[in-house]
Amino acid sequence: MAAFATLRGSFTFMRHLFSTYHYKHCCSRVKVVKPVFLLCSSSRIIYPQCRNFKTSYGRAGPVLQFKLSDIGEGIMEVTVKEWYVKEGDKVSQFDSICEVQSDKASVTITSRYDGVIRKLYYDVDSIALVGTPLVDIETDAAHDGAPEKDVVETPAMSHEEHTHQEIKGHKTQATPAVRRLAMENNIKLSEVVGTGKDGRILKEDILNYLSKQTGAILPPSPYHEIQPPPPAAAVPSAVGPKDKVPQPSPAQPVIQRPVFTGKDRTEPLKGFHKAMVKTMTAALKIPHFGYCDEVDMTKLVRLRLELKELAESRGVKLSYMPFFIKAASLGLLQFPILNASVDEECQNITYKAAHNIGLAMDTTQGLLVPNVKNVQVLSVFDIAVELNRLQALGTSGQLGTADLTGGTFTLSNIGSIGGTYAKPVILPPEVAIGALGKIQVLPRFNSRDEVVKAHVMNVSWSADHRLIDGATMCRFSNLWKSYLENPATMVLDLK
Amino acid sequence: ASVPYSHTERETFLAEHCRPGVVLKSASCDIFQNLAFEDWIHAHVDVEKRSILFMCRNRPAVVIGRHQNPWQECNVPLARERGIPVARRRSGGGTVFHDLGNVNLTFFSSRKRYDRQRNLRIVTRALRQLSPNLDVHATERFDILLNKQFKISGTAAKLGRTGAYHHCTLLCSADRALLSATLRSACAAGIRSNATPSVAAPVRNLRDEDPTLNCDAVMEAVASQYYADFGLSAPAVVVDPTDELSHPGIRRITQELQAWDWVFGKTPAFSLDTSFEVQCEACDTKVNLTVGVKSGAIETCSIESPQDWLPPAMCRELSGLMVGSRFRPSDMAVIFTAFLRANPQSHELENKMHILCEKVVALM
């Protein structure tokens, strides 16, 4: 076993390992004269510690019955309350299997063996008797019933890190033995590139990783360079089908092609998404037309800056929205048809008296549109207070029906996230909606033909063409725009 | 899941208190932070050689057992309205009402040293030290009774692989009116489930029996009795459950405990069958609601209303939309709003829908 001896010499850490474990298995993947399968079947190693190291060729071992051990205090039966595993799951020693309850005490039952769960003996809420089998675990080959008392001190890495590692969403495949080797050497599985089938991490990969370890944390990346140990390059370069370790030339690094193991996932639409489907299907029955324009916000920007501190001293955050909303309400006073509603057969039009202006909000639950009630009687400051309240409720996911229903007109400030022009969708039973883009600083010509710095925002309106014509929308937009471009005019028309 | 945390760091944390028993007192009155601290100790501290007693008091909160149903155990809408959080602990057992007049004690020990009666003896001895004629004793079911009839303490426990903890409450000066109002469920009668039910018992405050028994005095007495058990005498150590540096990972545990998916979503499957009265042309009629809830989400739903109040088609449509959303007022609001947008109704019908929605939300 010449190759084996060379390998041994180049890895200094191996000496440490050899003092505690017998390592005949490790070289099974390196090219040797003997056929590999003979190597693993001929060895049967007894270890001083309770752990067995197996080759990557795990074979199905005996199915062991894991009995419900004595909980103490003379308790003879418990209720199984929750299973943490199901049939077919892989478990490691000390993984949680289930939760049982007895007389005010909850007990977490952990696995005594490594292996695969083959059978669960009890359903949730059934009574389990102490001493009877709880689960069947199919262990790996050459298992000699590890006693749970002689336990190697758990090192720094948590157990979970090693059992479930994901590299960019793919579960890392590794046998329990390999995982334990990684854990005992404080290696994160996500940092080791697997050279086995489907990106599986083999023992050799861990050993390779260890040999290169300088103590620096390597970035987890599937495009990890693999360099075989230098003296081992003396091994015959005839690449057999079993040899998966690439032998690159010194100049060119080999990039490991990532193996894609993702699967499509189908699930039925539930709850909120169903609601969106209903709303949008109804919305797009309305014949929309769009109208866009540009608003010079320079004066409003200055005004808001002046008023921001005053508002904050009153405990309210002042954004541009209160101005947009108030200006829209003033516009609706002149064009009440934009604040109307038409019935399903389009027989009757209802001119709504209250201006309940909705504000599209992006919350954790998704897109919600709470509205500010009766804007026609509120001041800009009052609107700001209401907006603060709605925003707080929105972020905590507590918006109620009262806030979400009854809207008559909507503004969507998509510009706070990004974008310039949009094509908003009208929310029935309303007939118009406006989407506001982001405020950009752009050069514009002023009345004296000079190029000046202007704060420009784009607005995109959509309206129900059955009721509203282009001219009405245009005039409303111009009025709204004039209030914002010249905030002083708002003062004239304030009610 | 546990957080990577070296063995030496853990030992250093309690290193200066190298005694077989340590008393920790929480600096926080937040139920979630304190529950997270318990969790953290259970997961990260080696109690093989050193036992721990953790004491805390919390602002008003309802704490239900691991496998209980919050809607069955307390009045969830009322608690929400009053700003009283509902929390689910990791150990089993029944529901408790916490407030600043209630002392919480958690005894951490190795599984070998797990002995609930011994812990309760420490408590009763401490109480008798403060008030020598006090009639307190621990029962077989690990309750502590005052004057042989009033329950002043309830117990729950959790056993892990190597460590275990036993926690109990102690009623010193709790607000009994708030307690009974909050723990009275609005719809328990209609709930059918396999969740662990609570066993109600008459309660009394220790302070009503002996005015000197306030929370601080009681905590001090229990702490010194605990230390005495180990043959020591020392002050309690104040700990801050929000300190992430000393307790890495505790912030995440706190957030997990506060999540709706844990508090409400972990409820064992149940069905709720109830009806509410609605006004219909000067007379009152009943609307029946039946929901099946699993993991906090509505699996089945049926609304039955008299024909002249709401058309059955509307009821069917609304209940169909409710399936799949969580049993939660905000989710209901979204569903309801979408329903109204998609199905424009006459003013009258819309009002009735609003009433229906209000009644349904009042259950959640």
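A residue counts as buried when its relative accessible area is under 20%, as exposed when that area is over 50%, and as partly exposed in between (1.4 Å probe, protein chains only). The structure is a predicted model, in which local features need pLDDT of at least 70, side-chain atom pairs count only at pLDDT 80 or more, and totals for chains, interfaces and linings use all residues. Residues are numbered from 1 along each chain as its sequence is written, chains are lettered from A in the order in which they are written, and side-chain values use heavy atoms, without hydrogens and water.

**Exercise 1.** Compare the expected span of helix H8 of chain A with the distance between its end C-alpha atoms.

*Solution.* Helices are DSSP runs of H or I with at least four residues, strands are runs of E with at least two, and both are numbered from the N terminus. The expected span of a helix is 1.5 Å times one less than its number of residues. H8(A) covers residues 298–313, and its 16 residues should therefore span 22 Å, which agrees with the 24 Å between its end C-alpha atoms. The helix also has a kink of about 35 degrees centred on Leu307(A), where the bend is the angle between axes fitted to the seven residues ending at a residue and the seven starting there.

**Exercise 2.** Find which residues of H8(A) are buried, and what the buried residues pack against.

*Solution.* Leu300(A), Val301(A), Arg304(A) and Ala311(A) are buried in this helix. With contact meaning heavy atoms within 4.5 Å, the buried residues of H8(A) pack against several elements of chain A, among them helix H9 (321–334), strand S20 (451–464) and helix H12 (470–485).

**Exercise 3.** Classify the ring pair of Phe324(A) and Trp480(A), and say whether its members are buried or exposed.

*Solution.* Rings of Phe, Tyr and Trp (its six-membered ring) pair if their centres lie within 6.5 Å, and planes under 30 degrees apart count as stacked, over 60 as edge-to-face and the rest as tilted. The structure holds 16 aromatic pairs over all chains. In this one the centres are 6.0 Å apart and the planes stand at 45 degrees, so the pair is tilted. It links Phe324(A) in helix H9 with Trp480(A) in helix H12, 156 residues apart. Phe324(A), at 2% relative accessibility, is buried, and Trp480(A), at 0%, is buried.
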